[in-house]
Amino acid sequence: MVGAYGDETRGFQAGAVHLFYGPITRDLTTADADAAIYGEYSYQWFGWAVDSSGDLNGDGYDDVVVTAENDANNGCQTGKVFVFYGPLSGVSIATSASAQLIGNVLGDGAGASVSTGGDVNADGYDDLLIGAGGIGCTAYEGIGHAYLMYEPLFGVYDLSQADAVMEGAQIEDGTGESVALGDFDQDGHAEVVVAAPSYILRDGEEGQVYILRHPVEGLIPLHEVETFLRGDLSGGFAGSGLAVGNVNGDGYTDLVVGASGSRNTSTPGRLYLELGGPLRTSARDAGKTPR
Ligand SMILES: [Ca+2]
Ligand SMILES: [Ca+2]
Ligand SMILES: [Ca+2]
Ligand SMILES: [Ca+2]
């Protein structure tokens, strides 16, 4: 699945997503896509983030989630997220989604990131985790968020209906620009990972990554979360990217934390590997898990 938020088919930067069913054995163009979904209107940025790693409605098929971070349906850059249960084929537009989740905070940018790759409450359905970087609209105070939805979704929702709302610790720390789900300790409950890559620890933009364990419910100020990874470089932006997978084949899911670095401060990019295993509550530098 390939997101193209700048696609102009239905308006300037209305956006699009193209799906290619495997096996993929030759060079392809978007014209070869098995399915295409287009944004609703100009500047929606449909296809900003995409995910198809989870089964939200429990029918055995992974589902397609597409975000439109710049959607302004509910006010300036509130953002919107679309869920498609499929099967998908041919050409459609975003409004054909099975469910739509509409941001409710001005400038929140709901859909900066998205993940469906885990079941936090262990009810057999994968859950929907939405990041909102809180970077848009000058009048906005710039607190980022992440939203978690447990129930299978049908119809239109406002993100004030989320089962859990995580709120950034600092203004403009980029909370929600990356999110991930993964069961790192193999207890059957996926952990919730929310990054704040612009978090200022000492000199600036070291970045911080929060790991939340079940139960994850209600309003959660991230400064109260006790398990987090700190970036160790000024201008490192730890958490600018997150990835989940069993890297060393030991049965535990692992977390990879990307730190993009910064040209302004000549900070090189880095990758940190956090090996899965029994979780302990701690604050520590990324990539230095005591084992
Ligand atoms: Ca499904
Ligand atoms: Ca679930
Ligand atoms: Ca777990
Ligand atoms: Ca592992």
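How many bridges join strand E3 to E7, and do the two run parallel or antiparallel? Four bridges link strand E3 (residues 35–38) with E7, and the pair runs parallel. The close-ups below start from that pairing, and keep in mind that this is a predicted model.

**View 1. The E3–E7 pairing sits in a four-stranded open sheet.** Reading across the sheet, the strand order is E1-E2-E3-E7, and the pairing is mixed. At the edges you'll find strand E1 (2–4) and strand E7 (90–93); each has a single partner strand, so one side of each goes without a neighbour in the sheet. From one strand to the next, the twist averages 15°. For a residue-level landmark, look for Ala-35, which stands opposite Gly-90 in E7.

**View 2. Ile-130 is one of the best-connected members of the largest nonpolar core.** This core has 76 residues, and Ile-130, Leu-148 and Val-193 are the ones that touch the most other members. Strand E15 (residues 191–196) gives the most to the core, namely five residues. As a general point, nonpolar side chains in soluble globular proteins tend to be buried together. Zoom in on Ile-130 and, leaving aside neighbours within four places in sequence, you'll see contacts with Val-81, Leu-101, Ala-110, Gly-111, Val-114, Ala-146 and Tyr-147.

**View 3. Gly-133 is a buried loop residue.** Look for Gly-133 in the loop between strand E10 (128–132) and strand E11 (145–149). Why does Gly-133 count as buried? Gly-133 has 31 C-beta neighbours inside 10 Å, and the cut-off for buried is 20 or more. Not counting residues up to four places away in sequence, Gly-133 touches Gly-109, Ala-112, Gly-144, Gly-174, Gly-176 and Glu-177. Asp-173 is another handy marker here: Gly-133 and Asp-173 are 40 residues apart along the chain, yet their C-alpha atoms are separated by 8.2 Å.

**View 4. Strand E15 turns up again, this time in a five-stranded open sheet.** The order here is E14-E15-E16-E18-E22, with mixed pairing. Strand E14 (178–182) and strand E22 (283–285) stand at the edges with a single partner strand each, so each has one side left without a neighbour in the sheet. Ignoring direction, neighbouring strands of this sheet are turned by 20° against each other on average. E14 and E15 run antiparallel and are joined by five bridges. To find your way along this pair, pick out Gly-182, whose bridge partner in E15 is Glu-191.

How values were computed. Residues numbered from 1 in each chain as written. Chains lettered and ligands numbered in written order. Predicted model: local features only at pLDDT ≥ 70, side-chain atom pairs only at ≥ 80, totals over all residues. Core = buried A, V, L, I, M, F, W, Y, C linked by C-beta atoms within 7 Å. Buried ≥ 20, exposed ≤ 12 C-beta atoms within 10 Å, placed from the backbone. Contact = placed C-beta atoms within 7 Å. Pairing = 2+ DSSP bridges. Axes fitted to C-alpha atoms, helices over the stretch in contact; angles between N-to-C directions.
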